[in-house]
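Me: Please take a close look at a single part of the structure below. Pick one residue, go through its surroundings, and then link it to the rest of the chain. Which residue would you start from, and what does it touch?

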Amino acid sequence: MPLAALDGVTLEYEVSGRGEPVVCVHGAFLADAFRPLRAEHALADRYRLITYSRRGYGSSGAAEPAATLAEQAADCRRLLSHLCVPRAHVVGHSLGGAIALQLSLDAPELVHTLALLEAGLLIGESAGLYRAGLQESRRRYEEVGAELAVDEFFAARWPTYRDELEEVLPGASEQAARDAATCFEADFAGGLAFRFGPEEARRIIQPALLVLGEGSVALHPRFSETQRLLLAWLPRAESFVLPGASHFLQLENPSGMAEALAGFFARHPLA
């Protein structure tokens, strides 16, 4: 994968396909989480897919422990400038969804549409439970090490992941353990410090697709509550429930995810 040196941070990235640009911002642990979508014709045959490893992942530059989500959003903005992309469809998964929201606030001219795949936000009545869960995961990482802490994190969000992850994304478990320090030490800090509410949401006027995994509702109250609040707050939001998936949506049902994204982009073309 090529590397881009961008104002003090180096990011590895990949571009494939032709058509309107779509930039994908991954969440915790798995820098390659969007890779299965490249094999889906609904997207791969019609759009220019841009994926990258956020700072601290893969061969990208190290992440500072105090890195904010605003700085991570600026990384995405600089990468798109490097690729001469003035406007794009933006897809963010989990923590990547929070980064995509920050990008929409900081550079609205860059974001044509916004697709949020269970954005990781501390909002609503479930925020306290979510915060406590992240803090417990960090404590477990310090106590038992990366491999077991990552296993527990995945199992709580994708109950069948042990049987499915390596099949859809070979080498993912090893990669997740290797990049665990970035997640537990930098990403969690940035996510816990991120503030987003109805006032910020009202400023995001782009069409927004909010994707909820069918199986996520039973896992934690934050998933359905975040979906409900964002639908109420964002001026142009629409909801989609992805069948056969929990939190790692694009890995659990890549064909369904690709079709939903392609349909959304087609309804809101760049032209």
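Reply: A contact here means heavy atoms within 4.5 Å. The model is a predicted one.

I start from His 93. Leaving out residues up to four places away in sequence, His 93 touches Val 25, His 26, Gly 27, Phe 34, Leu 117, His 247, Phe 248, Leu 249 and Gln 250. His 93 sits in strand β5, which covers residues 88–93. Is His 93 buried or exposed? His 93 counts as buried because its relative accessibility is 2%, and the cut-off for buried is under 20%.

Now the strand itself. Strand β5 pairs with β6. The two run parallel, and 6 bridges join them. One facing pair is Val 91, which stands opposite Ala 115 in β6. Strand β6 spans residues 111–117. It is mostly covered, with 7 of its 7 residues buried. Leu 117, one of the contacts of His 93, falls within the residue range of β6. As a general point, side chains in a regular strand alternate between the two faces of the sheet.

Next, the other contacts of His 93. Val 25 is among them, and β3 runs over residues 20–25. Strand β3 pairs with β4 in the parallel sense, over 5 bridges. In that pairing Glu 20 stands opposite Tyr 47 of β4. Strand β4 takes in residues 47–52. It is mostly covered: 5 of its 6 residues are buried. Strand β4 has a pairing with β2 (residues 9–16) as well, this one antiparallel, over 4 bridges. There Ser 16 faces Leu 49 of β4.

Follow the chain on from β3. The loop between β3 and α1 (41–44) holds Phe 29. Phe 29 has a positive phi, about 75°, yet it is not a glycine. Most residues other than glycine have a negative phi. What is the accessibility of Phe 29? Its relative accessible area is 0%, so Phe 29 is buried.

Asp 32 is placed in the loop between β3 and α1 too. Its relative accessible area is 23%, so Asp 32 is partly exposed. The cut-off is 20%, below which a residue counts as buried. Beyond its neighbours within four places in sequence, Asp 32 is in contact with Leu 169 and Gln 175.

Gln 175 belongs to helix α7, residues 172–178. With residues up to four places away set aside, Gln 175 touches Phe 29, Leu 30, Ala 31 and Asp 32. Both Phe 29 and Asp 32 are thus in contact with a residue of this helix. Gln 175 is buried, since its relative accessible area is 9%.

For contrast, take Asp 7. It is placed in the loop between β1 (3–6) and β2. Its phi is near 50°, a positive value in a residue other than glycine. What is its exposure? Asp 7 has a relative accessible area of 69%, so it is exposed. Phe 29, by comparison, is buried.

Two distances give a sense of scale. From His 93 to Glu 142 the gap is 49 residues in sequence and 25 Å in space, C-alpha to C-alpha. From Asp 32 to Leu 219 it is 187 residues and 24 Å, again C-alpha to C-alpha.

Finally, the whole chain. The protein has 12 helices and 8 strands. Its C-alpha atoms fill a box of roughly 50 × 40 × 35 Å along the principal axes. The radius of gyration is 17 Å; a compact globule of 271 residues would have one near 18 Å, so the two agree. Of the 271 residues, 56% count as buried. Take the contacts between residues at least 6 apart in sequence: 77% of them join residues at least 24 apart.

The surface comes to about 10,900 Å² exposed, with carbon and sulfur atoms supplying 52% of it. There are 24 positive and 35 negative side chains. The centres of these two sets lie 6 Å apart.

Note on methods:
Residues numbered from 1 in each chain as written. Predicted model: local features only at pLDDT ≥ 70, side-chain atom pairs only at ≥ 80, totals over all residues. Heavy atoms only, no water. Rg over C-alpha atoms; globule rule 2.2 N^0.38 Å. Buried < 20%, exposed > 50% of the residue type's maximum accessible area, 1.4 Å probe, protein only. Areas by Shrake-Rupley, 256 points an atom, 1.4 Å probe, with all protein chains shown as cover. Lys, Arg positive; Asp, Glu negative; His and termini not counted. Charge placed at Lys NZ, Arg CZ, Asp CG, Glu CD. Pairing = 2+ DSSP bridges.
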